[in-house]
Amino acid sequence: MRVLSGIQPSGDLHIGNYFGMMKPMIEYQETSELYCFIVNYHAMTSVLDGKKLAAGTLEVAVDFLALGLDPEKVFFWVQSDVPEVTELTWILNNFTAVGLLLRSHSYKDKIQQGIAPNHGLLSYPVLMAADILLYQGERVPVGKDQQQHLEITRDIAFKFNSTFGETFVIPEAEINPNIPLVVGMDGRKMSKSYNNTLEIFCDEKILRDKIARIVTDATPVADPKDPDRCNLFITISLFLSPEEKEELAHRYRKGGVKYSDVKKELFARMWEYFKPAREKRKVLEKDIGRIRDILKAGAEKARAKAAPTLSLVRQRVGLDY
Ligand code: ADP
Ligand code: TRP
């Protein structure tokens, strides 16, 4: 099976990114043909600072490798190193209803946050469709927030196929039913844009402080509590075995749980969980030249995979004459 997903270099990666996308991707490298890329063209919709974008791109690459992505086993590259994706985007624009893009939750959210509604922001999902269709991705591991983007991709692929004959594989989103969306410190979806994240590679003191600020209710210690409505419980569960989770849920329901103790335990668990990656990261970041080489070699391999699809598309739409 061909599994594919991308991530934006638009800020420090958090545990929502990890459990929603990075962890499933890293697991797939053992069993599938895996395409993993850093979507720097997409990040331009929020980062218009050249130095920051370039540095952020390398940071995400180091993060992914530190967490266990093996460039020998997968296609791993930076989106803009295969610029053919922008050619396909233009072609797909002609199969995309403007109304569909205007209804996108993510577009509406961003406008509401005060971001200027420029064309890049509106056509973001078309570029994402090109990312997926160019490599004929079958399965796309993402968080639930990306589900609508996948539906747009499918819609575009159907339209193209019904106009020009079977060309694109129709991809499917893969959303972990147990963790569709990781909650942030304030109880909303964890997201870089809400400033409510727990970063994977956070400084120790900052992480402790952030965890201490996780919003909890005012139920007295002795009273029973509902674990399913407690965002601290939901977060610590990410780091617990099913038995440990059940045991903590039982203690919540019985009463006597002190939120500050659970916060200390969450810090300890999370710090330990990412320890091997933190250590690997320290080594990797010493040789950025090597990271660049890995990405450039990955782009060459990805480009070769993209070529037959783009050439078929060009032929079908009549660009080859
Ligand atoms: P952010 O919302 O922080 O900007 P991105 O849009 O860059 O995150 O998301 C990168 C990947 O991580 C996507 O597959 C997205 O669905 C996933 N993701 C982001 N936030 C969460 C979350 N809170 N829970 C689960 N998955 C998430
Ligand atoms: N839109 C995705 C996000 O914000 C990133 C992305 C770009 C992507 N191209 C993709 C995800 C292709 C999966 C497949 O997270």
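This passage goes through the surroundings of the two ligands and one enclosed cavity in a predicted model.

Starting with ligand 1, 18 residues sit around it, and His14, Gly143, Asp145, Val182 and Lys192 come nearest. Helix α1, residues 15–28, hands over the largest share of this shell, namely four residues. Sorted by class, the shell around ligand 1 splits into seven nonpolar, eight polar and three charged residues. Several polar contacts can be picked out. Valine 182 brings in its backbone, with an N or O atom placed 2.7 Å from a nitrogen atom of ligand 1. Side chains take part too: an N or O atom of the lysine 189 side chain is 2.9 Å from an oxygen atom of ligand 1, and a polar side-chain atom of asparagine 17 is 3.1 Å from an oxygen atom of the ligand. On its own, ligand 1 would expose 540 Å², and the protein buries 94% of that. The space that ligand 1 takes up is the largest pocket.

Over at ligand 2, the shell holds 13 residues, with Gln8, Tyr124, Met128, Asp131 and Gln146 coming nearest. Three of the residues just named also turn up in polar contacts through their side chains. For tyrosine 124, a polar side-chain atom lies 2.7 Å from a nitrogen atom of ligand 2. Glutamine 146 places a polar side-chain atom 3.0 Å from a nitrogen atom of ligand 2, while for glutamine 8 a side-chain N or O atom is 3.2 Å from an oxygen atom of the ligand. Taken alone, ligand 2 exposes 370 Å², of which the protein buries 90%. Two elements, β1 (2–7) and α7 (119–134), give two or more residues each to the shell around ligand 2. Of the elements, α7 gives the most, with four residues. As for chemistry, this shell counts seven nonpolar, five polar and one charged residues.

Helix α7 comes up again at the enclosed space. The count comes to one cavity of 30 Å³ or more, and the largest cavity has a volume of about 30 Å³. Its lining is made up of Ser104, Ser106, Tyr107, Lys110, Leu121, Tyr124, Pro125 and His149. At least two of these lining residues come from α6 (105–112), and at least two from α7. By class, the lining has four nonpolar, three polar and one charged residues. Tyr124 therefore appears twice in this account, as a residue lining the largest cavity and as one of those that come nearest to ligand 2.

Note on methods: Residues are numbered from 1 along each chain as its sequence is written. Chains are lettered from A and ligands numbered from 1 in the order in which they are written. This is a predicted model: local features need pLDDT of at least 70, side-chain atom pairs count only at pLDDT 80 or more; totals for chains, interfaces and linings use all residues. Side-chain values use heavy atoms; hydrogens and water are left out. A residue is near a molecule or strand if one of its heavy atoms lies within 4 Å of it. A polar contact is a pair of N or O atoms within 3.5 Å; within protein, one must be able to donate a hydrogen and the other to accept it, and residues adjacent in sequence count only if both atoms are side-chain atoms. Accessible areas come from the Shrake-Rupley method with a 1.4 Å probe; for residues, only the protein chains shown count as cover. Ala, Val, Leu, Ile, Met, Phe, Trp, Tyr, Cys and Pro count as nonpolar, Asp, Glu, Lys and Arg as charged, and the others, Gly among them, as polar. On a 1 Å grid over the protein atoms alone, a cavity is a set of points where a 1.4 Å probe fits but cannot get out, and a pocket is an open set with protein on both sides within 12 Å along at least five of seven lines; lining residues have an atom within 4 Å of a point. Grid points are joined across faces, edges and corners, and a volume is the space filled by probe spheres set on the points. A molecule sits in a cavity or pocket if more than half of its atoms lie within 2 Å of its grid points.
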